[in-house]
Amino acid sequence: GSMGMPMAPMHPMPPLPGAPMLMPQLTKPESMQIAPPGHPPSNTLWISNLPVKSEKKAIKAVLNTLYQQFGSVRAVLTNKRWRSRGQAWVVFEDVSCANLALMKTQGSIVLERPLRVEFSHAQSDVISKRDG
């Protein structure tokens, strides 16, 4: 005689009171934000993802032309380590122009590369490694 134990029906565990729902939090990706935290709007834009194979003079001319349409550009700067970085700074006369330019040119294709544009966290006079 086999002692067959009757299978008890599986009852789903009731949720514990006060237990947090284990739902993934839907947060906006970083790229959705206009300015990342810690980078308050500034009159200086930091441009990266520039093609380092291009001459600095050519890059500066292209950036100057691109950004002049948003306001008065005080300077377009690159650093001495251009070849390793592919970065530039565009200094506007005022913050509102820089803000508009950031929104309008983010992801713009310049010399076949999509620009990455952020507010610079360094003031233009702090960018002392400039050589232009």
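## Exercises on a predicted model

Thr44 sits opposite Val91, a residue of strand E3. Keep that pair in mind as you work through the exercises. One warning before you dive in: the structure is a predicted model.

### Exercise 1: Get your bearings

Work out how many helices and strands the chain has, and in which order its elements run.

*Solution.* Start by counting: there are three helices and six strands. Next, walk along from the N terminus, and you should read β-α-β-α-β-α-β-β-β. Then check how much of the chain is tucked away: 34% of its 132 residues count as buried. Finally, look at the contacts with a separation of 6 or more: 67% of them come from residues 24 or more positions apart.

### Exercise 2: Build the sheet

Find the order of the strands in the open sheet of four strands, and say which strands stand at the edges.

*Solution.* Step one is the order, which is E2-E3-E1-E6, with antiparallel pairing. Step two is the edges: strand E2 (73-78) and strand E6 (116-119) each have a single partner strand, so each has one side without a neighbour in the sheet. Going from one strand to the next, the twist averages 20°.

Step three is to look at the pairs themselves. As a reminder, strands in a sheet pair through backbone hydrogen bonds, in a parallel or antiparallel way. Here E2 and E3 run antiparallel and are joined by five bridges; one bridge pairs Ala75 with Val91 in E3. So what packs on this sheet? Helix H1 (residues 56-68) does, touching strand E1 (44-48), E2, E3 and E6, with its direction at about 150° to that of E2. Helix H3 (residues 95-105) packs on the sheet too; H3 touches E1, E3 and E6, and its direction makes about 155° with that of E6.

### Exercise 3: A strand with company

Is strand E1 largely enclosed or left open by the rest of the structure, and why?

*Solution.* First, check burial. Five of the five residues of E1 are buried, so the rest of the structure largely encloses this strand. Second, sort the side chains by direction. In a regular strand, side chains alternate between the two faces of the sheet. In E1, Thr44, Trp46 and Ser48 point one way, while Leu45 and Ile47 point the other way. Third, look at the neighbours. E1 is joined to E3 by four bridges, and the two run antiparallel. Four bridges also join E1 to E6, again antiparallel, with Ile47 paired to Val117 in E6.

### Exercise 4: Two sides of a helix

Which residues of H3 are buried, and where do they lie around the helix axis?

*Solution.* Begin with a list: Cys97, Ala98, Ala101, Leu102 and Thr105 are the buried ones. Now look down the axis of H3: these residues fall within an arc of 135°, so they line one face of the helix. Turn to the other side of H3 and you'll meet Ser96 and Lys104, which are exposed. What do the buried residues pack against? They pack against E1, H1, E3 and E6. After H3 comes Gly107, with a positive phi near 80°.

### Exercise 5: Into the core

Which residues touch the most other members of the largest nonpolar core?

*Solution.* This core has 21 residues, and the ones to pick out are Leu45, Ile47, Leu63, Tyr67, Val90, Phe92 and Leu115. Then ask where the core comes from: E1, H1, E2, E3, H3 and E6 each supply at least two of its residues. Zoom in on Leu63: apart from neighbours within four places in sequence, Leu63 contacts Leu50, Val76, Ala88 and Val90.

### Exercise 6: Arg85 and Gln87

Decide whether each of these residues is buried, partly exposed or exposed.

*Solution.* Take Arg85, which is in helix H2. Its relative accessibility is 37%, so Arg85 counts as partly exposed. Setting aside neighbours within four places in sequence, Arg85 contacts Val52 and Asn79. Its C-alpha atom is 7.8 Å from that of Ser48, though the two residues are 37 apart along the chain.

Now Gln87, in the loop between helix H2 (82-85) and strand E3 (88-92). Its relative accessible area is 13%, so Gln87 is buried. Its side chain makes a polar contact (3.3 Å) with the side chain of Trp46.

Technical notes
Residues numbered from 1 in each chain as written. Predicted model: local features only at pLDDT ≥ 70, side-chain atom pairs only at ≥ 80, totals over all residues. Heavy atoms only, no water. Buried < 20%, exposed > 50% of the residue type's maximum accessible area, 1.4 Å probe, protein only. Polar contact = N/O pair within 3.5 Å; in protein donor to acceptor, adjacent residues only side chain to side chain. Contact = heavy atoms within 4.5 Å. Pairing = 2+ DSSP bridges. Axes fitted to C-alpha atoms, helices over the stretch in contact; angles between N-to-C directions. Arc of directions from axis to C-beta. Core = buried A, V, L, I, M, F, W, Y, C linked by side-chain atoms within 4.5 Å.
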